[in-house]
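This report describes the fold, the packing of helices on sheets, the salt bridges and one surface patch of a single protein chain. The sequence and the model are shown first.

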Amino acid sequence: MAEFFSRMNDEYAQKHFPGGSVFANALKTVKQRGIAGIFFFVLFFAAAMYGVIWGIGRTIDFASNGKNDMIGVGIGISVVLGLIALGCFFVLRFMIKGVRQGVGDYIASSAKCSQLSVSEIEEFDRQAFASDCYILKLTAGLDRAFSNATNSDGLLTRDYIYLADTAQTVMRVDSLKACFFTDYTYYITTGNRSRKIHNLAICLIASNGVSVVSDTTEKAGQALMEILKERNGTIDTNEGRVVPEGREFDNYKKRVLETS
């Protein structure tokens with residue numbers, strides 16, 4: 001089990017959470033990505049606006065030279081580029097708002113997604129730096145590099161579990177109804193052929209209906225099931241079997257939540 005789970009220590013905390021908060025670290029990562037995205041969209045917006053000005057200029061030129069049949073083309077180009085510029089503007093507003101958010105905003109967002117109180121999320125953040133907190137390494141190698149988690153490692157504190165999904169979902173261990181394997185698929189295209197790829201994942205379902213999915217290896221997932229069962233014996237693990245995505249997954253989740 002030590003291969004997948006290690007205890008929180010000062011070296012790890014300072015390296016991965018220099019801001020003294022799990023959410024400060026997530027905020028830093030999102031801000032870095034957001035700034036890069038803003039730069040891209042600013043360039044795209046500027047190019048679209050240049051195109052609008054160019055299109056208006058060409059339309060005026062067509063009109064002054066009596067090329068009435070081309071005026072509609074010029075107007076059409078200007079309108080399309082104007083709509084693109086408008087779309088970029090709204091995306092930029094959204095991204096800038098995200099970059100300007102603080103740790104408190106992320107904690108509030110996590111509370112909303114987790115359906116927990118802000119005080120519980122803050123308590124999780126405190127417990128995350130205690131020596132009894134487990135660092136969860138659910139993926140390795142290329143699986144780790146391409147993990148869907150915003151942070152490579154999850155965290156298991158005295159009372160909470162966090163798998164570092166994009167919604168920053170936090171769950172109470174005593175509220176967990178299920179911890180089981182599932183899979184999700186995507187397609188990659190090479191040449192003229194598409195290939196379906198299956199990824200193994202671990203899914204947690206809480207009694208409030210909140211669920212979270214994170215990439216995992218089989219051995220790490222089994223180790224997580226074992227340690228969670230030790231703390232909450234009522235957790236359904238589907239006996240280690242994989243629940244396929246789609247209807248079977250939905251039916252399984254419904255059945256688990258209906259079980260008292």
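Two residues are taken to be in contact when they have heavy atoms within 4.5 Å. The model discussed here is predicted. Among contacts in the chain with a separation of 6 or more, 65% are made by residues 24 or more positions apart.

**Overall composition**

The chain has 260 residues, of which 40% count as buried. Its secondary structure consists of eight helices and nine strands. About 14700 Å² of the chain is exposed, and carbon and sulfur atoms supply 57% of this area.

**The five-stranded sheet**

One open sheet is built from five strands in the order 1-2-3-4-5, with antiparallel pairing. Its edges are strand 1 (5-7) and strand 5 (170-172), each of which pairs on one side only. From one strand to the next, the twist averages 25 degrees. Strand 1 and strand 2 run antiparallel and are joined by three bridges. Within this pairing, arginine 7 has tyrosine 134, in strand 2, as its bridge partner.

Two helices pack on this sheet. Helix 5 touches strand 3, strand 4 and strand 5, and its direction makes about 80 degrees with that of strand 4. Helix 7 touches strand 1, strand 2, strand 3 and strand 4, and its direction makes about 55 degrees with that of strand 1.

**The four-stranded sheet**

Another open sheet comprises four strands in the order 8-7-6-9, and its pairing is mixed. Here the edge strands are strand 8 (211-215) and strand 9 (242-243), each pairing on one side only. Strand 7 (residues 193-206) runs antiparallel to strand 8, and five bridges join the two. Alanine 201 stands opposite aspartate 215, which belongs to strand 8.

Helix 7 (residues 218-231) also packs on this sheet, where it touches strand 6 (176-190) and strand 7; the direction of helix 7 makes about 165 degrees with that of strand 6. Helix 7 thus has contacts with strands of the five-stranded sheet and with strands of the four-stranded sheet. Helix 8 (residues 247-258) lies across strand 6, strand 7, strand 8 and strand 9, and runs at about 170 degrees to strand 6.

**Salt bridges**

Side chains of opposite charge can pair when their charged atoms come close. The structure holds seven salt bridges. Three of the pairs are listed below with their N to O distances.

| Residue pair | N to O distance |
|---|---|
| Arginine 126 and glutamate 123 | 2.9 Å |
| Aspartate 132 and arginine 158 | 3.4 Å |
| Glutamate 239 and arginine 241 | 2.7 Å |

How far apart along helix 5 are arginine 126 and glutamate 123? The two residues are three residues apart in helix 5 (residues 118-127), so about one helical turn separates them. Arginine 126 is exposed, at a relative accessible area of 52%, whereas glutamate 123 is partly exposed at 25%.

The pair of aspartate 132 and arginine 158 links distant parts of the chain, as the two residues lie 26 residues apart. Aspartate 132 is in the loop between helix 5 and strand 2 (134-136), and arginine 158 is in the loop between strand 3 (154-156) and strand 4 (160-162). Both residues are partly exposed: aspartate 132 has a relative accessible area of 25%, and arginine 158 has a relative accessibility of 43%.

In the remaining pair of the table, glutamate 239 counts as exposed because its relative accessibility is 68%, and the cut-off for that class is over 50%. Arginine 241, at 45% relative accessibility, counts as partly exposed.

Beyond these pairs, Glu120, Arg172 and Asp174 are linked in a network of salt bridges.

**A nonpolar surface patch**

Which residues form a nonpolar patch on the surface? The patch consists of Ile75, Val79, Leu83, Leu86, Phe89 and Phe90, which together have about 570 Å² of accessible area. One of these residues, valine 79, is found in helix 3 (residues 68-99). Valine 79 counts as partly exposed because its relative accessibility is 46%, and this class covers values between 20% and 50%.

Notes: Residues are numbered from 1 along each chain as its sequence is written. This is a predicted model: local features need pLDDT of at least 70, side-chain atom pairs count only at pLDDT 80 or more; totals for chains, interfaces and linings use all residues. Side-chain values use heavy atoms; hydrogens and water are left out. Two strands pair if DSSP finds at least two bridges between them. Axes are lines fitted to C-alpha atoms, for helices over the stretch in contact, and angles run from 0 to 180 degrees between N-to-C directions. Patches are made of residues with over 30% relative accessible area and no salt bridge: like charges are joined within 9 Å, nonpolar side chains (Val, Leu, Ile, Met, Phe, Trp, Tyr) within 5 Å. Accessible areas come from the Shrake-Rupley method with a 1.4 Å probe; for residues, only the protein chains shown count as cover. A salt bridge is a side-chain nitrogen of Lys or Arg within 4 Å of a carboxyl oxygen of Asp or Glu. Buried means under 20% relative accessible area, exposed over 50%, partly exposed in between (1.4 Å probe, protein chains only).
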